[in-house]
Every structure is written in structure tokens, then in C-alpha cells.
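Reader: I should be grateful for a close look at one residue of this model and at the helices around it. Please begin with the contacts of that residue and proceed outward from there.

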Amino acid sequence: AAENGQAVAQYNLGVFYNFGQGGLQKSEEKAVKWFLEAAEKGHMQAQFNLGVFYSLGLGGLQQSDEKAVKWYHEASEKGHADAQYNLGVFYNFGQGGLQKSEEKAVKWFLEAAEKGHMQAQFNLGVF
């Protein structure tokens, strides 16, 4: 199914490689390949995972806050609370090529907080 282009199957295969499950040898590089396939088809969790991988420089990817922001933004637009929180952090500190903006940080923290994201709720209490 993953080879046939089904995003959910591609994402799941990425997870299996990332954690070495299902009889597959752990490989962050292969996980990235499958997350990218799924993310390009709009799979929200795969988009978030790529944001994390780029943010931390995992899976053979060169660390890139700019690419992390791209994928966090994609997932945020679909309603992914962790991605919304991370995007808020990037705006708050002006990272990843983003202009520092408390207004945009609050917007994304609020989106995440409304979904029950506790750290986003805390951050809103600080503003």
C-alpha cells in the first residue's frame, strides 16, 4: 500500500522504521523517506514529524529551522496542536526565518491551547 502511494500506509511504514517495529530494522533515514512521501500528500502527522526531524537534524537531514517551520506550518493549518505550539515558539523567538511576532505566537498558542495543549495554555498565561 505504501509503494502504491497511500499516505496513511506511507506514514505507518515511516513509524515502523523510526522505531524498528514490525520486523524492520530501525532506520531514521528510511523513516524520513516515508514521512516525506506521506507529508507531500498532506498527511498531518507526517508533516509534524518532518518538522521535528528538521528541527533536531534527525534521519540524516541537515538541521534546518526554516524547513521545520515549513512542515510545522503545513501541519498547523490542518489543526495539529503540537505543530501549532512549535510554530508559536518559533514566532515568539523569531526563529526559522520568521520575523519575531508576539501576535502570531499568541495566535498559534491559542489554537493549540483550545485543543488542550497544556504548554500552550501555560505560555498564554505568561503573555
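**Gln47 and the helices around it**

Author: Leaving aside residues up to four places away in sequence, Gln47 touches Ala39, Gly42, Trp71, Glu74, Ala75 and Lys78. The model is a predicted one. Gln47 itself belongs to helix 3. Its relative accessibility is 1%, and because buried means under 20%, Gln47 counts as buried.

The surroundings of Gln47 may be taken up through the helix pairs in which helix 3 takes part. Helix 3 covers residues 44-56 and helix 4 covers residues 65-77; the two pack at an angle of about 160°, with their axes 8 Å apart. Since angles over 145 degrees count as roughly antiparallel, helix 3 and helix 4 are therefore roughly antiparallel to each other. Their crossing is left-handed. On the side of helix 3, the contact is made by Met44, Gln47, Phe48, Leu50, Gly51, Val52, Tyr54 and Ser55. On the side of helix 4, the contact is made by Asp65, Lys67, Ala68, Trp71, Tyr72, Glu74 and Ala75. The residues of this contact between helix 3 and helix 4 divide by class into nine nonpolar, three polar and three charged. Gln47 is thus one of the residues through which helix 3 meets helix 4, and its own partners include Trp71, Glu74 and Ala75.

Helix 3 also meets helix 2. The axes of helix 2 and helix 3 come within 8 Å and cross at roughly 135°. Helix 2 and helix 3 are therefore oblique to each other. Helix 2 passes helix 3 in a left-handed crossing. From helix 2, the residues Glu28, Val32, Phe35, Leu36, Ala38 and Ala39 meet Ala46, Gln47, Asn49, Leu50 and Phe53 of helix 3. Sorted by class, the contact of helix 2 with helix 3 has eight nonpolar residues, two polar and one charged. Gln47 appears in this contact, and Ala39 is among the residues that Gln47 touches.

Helix 2 deserves a description of its own. Helix 2 spans residues 28-40, and at 1.5 Å a residue its 13 residues should span 18 Å; the end C-alpha atoms are 18 Å apart, which agrees. Within helix 2, Ala31, Val32, Trp34, Phe35, Ala38 and Ala39 are buried. The cover over these buried residues of helix 2 includes helix 1, helix 3 and helix 4. Helix 2 is followed by Gly42, whose phi is positive, near 95°. Gly42 is also one of the residues touched by Gln47.

One step further toward the N terminus is helix 1, residues 7-19. The 13 residues of helix 1, at 1.5 Å a residue, should span 18 Å, and because its end C-alpha atoms are 18 Å apart, the two values agree. The buried residues of helix 1 are Ala7, Ala9, Gln10, Tyr11, Gly14, Val15, Tyr17 and Asn18. Those buried residues pack against helix 2 and helix 3. Helix 1 is followed by Gly20, with a positive phi near 65°. The loop between helix 1 and helix 2 holds Lys26. Not counting residues up to four places away in sequence, Lys26 touches Tyr17, Asn18, Phe19 and Gly20. Lys26 and Val89 are 63 residues apart in sequence and 30 Å apart in space, C-alpha to C-alpha.

Val89 leads to another helix pair. Helix 5 (residues 81-93) and helix 6 (residues 102-113) pack at an angle of about 165°, with their axes 8 Å apart. That angle makes helix 5 roughly antiparallel to helix 6. The crossing of helix 5 and helix 6 is left-handed. Helix 5 contributes Ala81, Gln84, Tyr85, Leu87, Gly88, Val89, Tyr91 and Asn92 to the contact, and helix 6 contributes Glu102, Lys104, Ala105, Trp108, Phe109, Glu111 and Ala112. By class, the contact of helix 5 with helix 6 has nine nonpolar, three polar and three charged residues.

Finally, Asn123 is found in helix 7, residues 118-126. At 14% relative accessibility, Asn123 counts as buried. With residues up to four places away in sequence left out, Asn123 touches Tyr85 and Phe109. Tyr85 of helix 5 and Phe109 of helix 6 both take part in the contact between those two helices.

Methods
Residues numbered from 1 in each chain as written. Predicted model: local features only at pLDDT ≥ 70, side-chain atom pairs only at ≥ 80, totals over all residues. Heavy atoms only, no water. Axes fitted to C-alpha atoms, helices over the stretch in contact; angles between N-to-C directions. Helix = DSSP H or I, 4+ residues; strand = E, 2+ residues; numbered from the N terminus. Parallel < 35°, antiparallel > 145°, perpendicular 65-115°, else oblique. Left-handed = near helix turned anticlockwise from the far one by under 90°. Contact = heavy atoms within 4.5 Å. Nonpolar A, V, L, I, M, F, W, Y, C, P; charged D, E, K, R; others polar. Buried < 20%, exposed > 50% of the residue type's maximum accessible area, 1.4 Å probe, protein only. Expected span 1.5 Å × (residues − 1).
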